[in-house]
Amino acid sequence: MRTKHLLAGNWKMNLGPTHARSYAAQLKEAIQPLSKTDVWVAPATISAAVVAEELKGTALQVGAQNVHWADSGAFTGETSPLFLKDIGATFTLTGHSERRQFFGETSETTAQRTQAALKAGLEVIVCIGEMESERTSGLTKRVLEEQLQPVLAGLSADTATKVILAYEPVWAIGTGKVASITDIQETHQHIQKVWASHNLPGTAVILYGGSINPTNFAEILALEEVHGALVGGASIKLDQWLELIAIAERTGV
Ligand code: PGA
């Protein structure tokens, strides 16, 4: 059970090493001490080491956008969880919808990646979410259950405490469209039911993601079903990111 909100920034394929370092330096300079919010950033893999170096000694944590299931070997283009540990990363995303949509990742490979990251001692933000056509056909719950099944089936009481779920409706990512308050509440409640049905301890930590910005964030974060946010676009604009952090800090837990 987290005692603070979690605000995680997914930089996607933006900010190469030079820009990422300077962005991290500005963030470190501008950020105020926080008591109610954990702030995590997930740079592109090639930028993660310089960002980790820049943010070393601060409360800001650095992670990756994806991870492979093997520790090493013939897996061209992939990143070992041990390499992430090596640079000081503390977490990784898995199952982001862009990985599923454009790179053929499945719920099974998401589960494998999640397992490997947990074994290496990383925390994992597992991303799930339905496509617009699935929502309009009334399939949202079933899709989320299918996405969660292999991931949750592999968790123990211990590793479950290192897993965070991010509900990101695919149609809300980068589109400016946000799920309605009722949809977010109902969907997060359903995800909790799925969590409980796997006999996992406590309750799931669930972030919302999809077009979060300083205008819509306070209302969403105020929901008791929402424990934080996974933010793309607004996390690489320093003024917006700082505003989101300030809102999370004001909203409290
Ligand atoms: P967005 O992306 O905030 O730009 O919609 C969220 C995400 O993909 O994690």
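A residue counts as buried when its relative accessible area is under 20%, as exposed when that area is over 50%, and as partly exposed in between. The exercises below apply this and a few other cut-offs to a predicted model.

**Exercise 1. Residues with positive phi**

Task: Determine where Ser211 lies, whether Ser211 is buried or exposed, and what its phi is; then treat Asn199 in the same manner.

Solution. Begin with the position: Ser211 belongs to the loop that runs between β7 and α9 (217-221). Next, take its relative accessibility, which is 17% and therefore places Ser211 among the buried residues. Then turn to the backbone, where Ser211, although not a glycine, has a positive phi of about 60 degrees. As background, a negative phi is what most residues other than glycine have.

Asn199 is handled in parallel: this residue sits in the loop between α8 and β7 (205-209), and its phi, near 55 degrees, is again a positive value in a residue other than glycine. With a relative accessible area of 71%, however, Asn199 is exposed. A glycine can be added to the set, since Gly57, just after α2, takes a positive phi of about 85 degrees.

**Exercise 2. The crossing of α1 and α10**

Task: Describe how helix α1 (residues 17-30) and helix α10 (residues 238-251) are placed relative to each other, giving the distance and the angle between their axes, and state which residues make the contact.

Solution. The axes of the two helices come within 11 Å, and they cross at roughly 40 degrees. Because angles under 35 degrees count as roughly parallel and those from 65 to 115 as roughly perpendicular, α1 and α10 are classed as oblique to each other. The handedness of this crossing is right-handed. On the α1 side the contact is made by Tyr23, Gln26, Leu27 and Ala30, and on the α10 side by Leu238, Trp241, Leu242 and Ile245. Sorted by character, the residues of this contact comprise 7 nonpolar, 1 polar and no charged.

**Exercise 3. The crossing of α5 and α7**

Task: Carry out the corresponding analysis for helix α5 (residues 107-119) and helix α7 (residues 140-153).

Solution. Here the axes lie 8 Å apart and the packing angle is about 35 degrees, while the crossing is right-handed. The contributing residues are Ser107, Glu108, Thr110, Ala111 and Thr114 from α5, together with Glu146, Gln147, Pro150 and Val151 from α7. Their division is into 3 nonpolar, 4 polar and 2 charged, to be set beside the 7 nonpolar, 1 polar and no charged found for α1 with α10.

**Exercise 4. Salt bridges**

Task: State how many salt bridges the model contains, and examine the pairs Lys12 with Glu98, Glu105 with Arg113, and Lys177 with Glu132.

Solution. The rule asks for a side-chain nitrogen of Lys or Arg within 4 Å of a carboxyl oxygen of Asp or Glu, and by this rule the count comes to 11 salt bridges.

For the pair Lys12 and Glu98, the N to O distance is 2.8 Å. Lys12 lies in the loop between β1 (5-10) and α1, whereas Glu98 is in helix α4 (residues 97-103), so the pair ties together parts that are 86 residues apart in sequence. Glu98, at 23% relative accessibility, is partly exposed.

For Glu105 and Arg113, the closest N and O atoms are 3.2 Å apart. Both partners are to be checked for burial: Glu105 is buried at 8% relative accessibility, and Arg113 is buried with a relative accessible area of 5%.

For Lys177 and Glu132, the closest N and O atoms are 3.3 Å apart. Since Lys177 lies in the loop between β6 (163-167) and α8 (181-197) and Glu132 in helix α6 (residues 132-136), this pair ties together parts that are 45 residues apart in sequence. Lys177 is partly exposed at 40% relative accessibility, and Glu132 is partly exposed with a relative accessible area of 38%. Finally, Arg21, Lys28, Glu53 and Glu54 are joined into one network by salt bridges that share partners.

**Exercise 5. The buried residues of α2**

Task: List the buried residues of helix α2 (residues 45-55) and name elements that cover them.

Solution. The buried residues of α2 are Ser47, Ala48, Val50, Val51, Ala52, Glu54 and Leu55. Their cover includes α1, β2 (37-42) and β3 (61-64). Among these buried residues, Glu54 also takes part in the salt-bridge network with Arg21, Lys28 and Glu53.

Methods. Residues numbered from 1 in each chain as written. Predicted model: local features only at pLDDT ≥ 70, side-chain atom pairs only at ≥ 80, totals over all residues. Heavy atoms only, no water. Axes fitted to C-alpha atoms, helices over the stretch in contact; angles between N-to-C directions. Helix = DSSP H or I, 4+ residues; strand = E, 2+ residues; numbered from the N terminus. Parallel < 35°, antiparallel > 145°, perpendicular 65-115°, else oblique. Left-handed = near helix turned anticlockwise from the far one by under 90°. Contact = heavy atoms within 4.5 Å. Nonpolar A, V, L, I, M, F, W, Y, C, P; charged D, E, K, R; others polar. Buried < 20%, exposed > 50% of the residue type's maximum accessible area, 1.4 Å probe, protein only.
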